[in-house]
Amino acid sequence: MKKLGLTALLILLTTTAVMIYTHSDSRADSAKPGSIDDPLVTKSYVDKLLAGGSTGGGQGTTQGIETTVVSVNPGEVLLAKAGAQFVLRAGKGVAYSSDANGISDVTDGKDIKSGQPVANNHLLIFPRDGRGVMPDPQAKSALTVLVIGRYEIAAAPSSSGS
């Protein structure tokens, strides 16, 4: 008899706990339209948001960051300014660095040393100035590079690599 009473009490407590838990979750999911939990928005707000305009609603903006498609001819090097990002879109490119450090290929999660090949369609990040990409010295055609941020084009060094 004691076992039956203890089992009934345990079932009652478990059922009560489940009901309280599901009731508190359902209140959050069924917020009243127009309330603070489910605000209404205007069509112009949504249109502006979809067009990429700033809404002032805490969304980040990309104002001041330029995205440019750059052609790099043989004999030139595309140098990134600190914080720039490159994606080699066409051509055969190699990494360039003015020091012993390489460039970050975040697609592969590796460091590319100066003179090593750069894979097409990989995101490269440049935390400092003095690094970039250039056409492979054996290549006769230009590179096409998508550049996010600031950059400059300079004459390639006379020796391949660093």
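**Figure 1. Ala95 and Val133 face each other across two paired strands.** In this predicted model, Ala95 has Val133 of β9 as its bridge partner. This couple belongs to a longer ladder: strand β4 (residues 93–97) and strand β9 (residues 131–135) are joined by five bridges. The two strands run antiparallel. If you are new to sheets, it helps to know that strands of a sheet pair through backbone hydrogen bonds, either parallel or antiparallel.

**Figure 2. The sheet around β4 and β9 has five strands.** Follow the strands across this open sheet and you will meet β7, β4, β9, β2 and β11, in that order. The pairing is antiparallel. Which strands form the edges? They are β7 and β11 (151–155), and each of them pairs on one side only.

**Figure 3. A second open sheet is built from six strands.** Its order is β1-β10-β3-β8-β5-β6, again a sheet with antiparallel pairing. At the edges stand β1 (67–72) and β6 (110–112). Each has a single partner strand, so one side of each is left without a neighbour in the sheet. From one strand to the next, the twist averages 30°.

**Figure 4. Strand β3 has β8 and β10 as partners.** Take a closer look at β3 (residues 84–90), which is joined to β8 by four bridges. Here Ala84 stands opposite Phe126 in β8. Five bridges link β3 to strand β10 (residues 143–148), and Gln85 has Ile148 in β10 as its bridge partner. β3 runs antiparallel to β8, and β3 also runs antiparallel to β10.

**Figure 5. Strand β8 also pairs with β5.** Two bridges join β5 (residues 103–105) to β8, and this pair runs antiparallel. You can find Ser104 opposite Ile125 in β8.

**Figure 6. Val87 sits within strand β3.** Is Val87 buried or exposed? With 14% relative accessibility, Val87 counts as buried, because buried means under 20% relative accessible area. Beyond residues up to four places away in sequence, Val87 touches Asn121, His122 and Leu123, as well as Thr144, Val145 and Leu146. One of these, His122, is 35 residues away from Val87 in sequence, yet their C-alpha atoms are 5.6 Å apart in space.

**Figure 7. His122 lies in a loop and makes a side-chain contact with Asp105.** The loop that holds His122 connects β7 (117–118) with β8 (123–126). Why does His122 count as buried? Its relative accessible area is 13%, and the cut-off for buried is under 20%. The side chains of His122 and Asp105 are joined by a polar contact of 2.9 Å. Leaving aside neighbours within four places in sequence, His122 is in contact with Phe86, Val87 and Leu88, and also with Asp105, Thr107 and Asp108.

**Figure 8. Ala142 is a partly exposed loop residue.** Look for Ala142 in the loop between β9 and β10. Its relative accessibility is 27%, so Ala142 counts as partly exposed. Apart from neighbours within four places in sequence, its contacts are Ser71, Val72, Asn73, Pro74, Ala90 and Gly91. Ala142 and Glu76 are 66 residues apart in sequence, with 9.2 Å between their C-alpha atoms.

**Figure 9. The whole protein puts these close-ups in context.** How many helices and strands does the protein have? There are two helices and 11 strands. Starting at the N terminus, both α elements come before the β elements, in the run α-α-β-β-β-β-β-β-β-β-β-β-β. Of the 162 residues, 23% are buried. Among contacts between residues at least 6 apart in sequence, 71% join residues at least 24 apart. The accessible surface comes to about 11000 Å², and carbon and sulfur atoms account for 57% of it.

**Figure 10. Confidence varies along the model.** The average pLDDT of the protein is 79, and 78% of the residues score at least 70. Where is confidence lowest, and where is it highest? Helix α1 (residues 2–29) is lowest, with a mean of 66, whereas β7 is highest, at 94. Over residues 54–61 the pLDDT is below 50. Beyond near neighbours in sequence, that stretch has five contacts in the model.

Technical notes: Residues numbered from 1 in each chain as written. Predicted model: local features only at pLDDT ≥ 70, side-chain atom pairs only at ≥ 80, totals over all residues. Heavy atoms only, no water. Buried < 20%, exposed > 50% of the residue type's maximum accessible area, 1.4 Å probe, protein only. Contact = heavy atoms within 4.5 Å. Areas by Shrake-Rupley, 256 points an atom, 1.4 Å probe, with all protein chains shown as cover. Polar contact = N/O pair within 3.5 Å; in protein donor to acceptor, adjacent residues only side chain to side chain. Pairing = 2+ DSSP bridges. pLDDT = per-residue confidence, 0-100. Axes fitted to C-alpha atoms, helices over the stretch in contact; angles between N-to-C directions.
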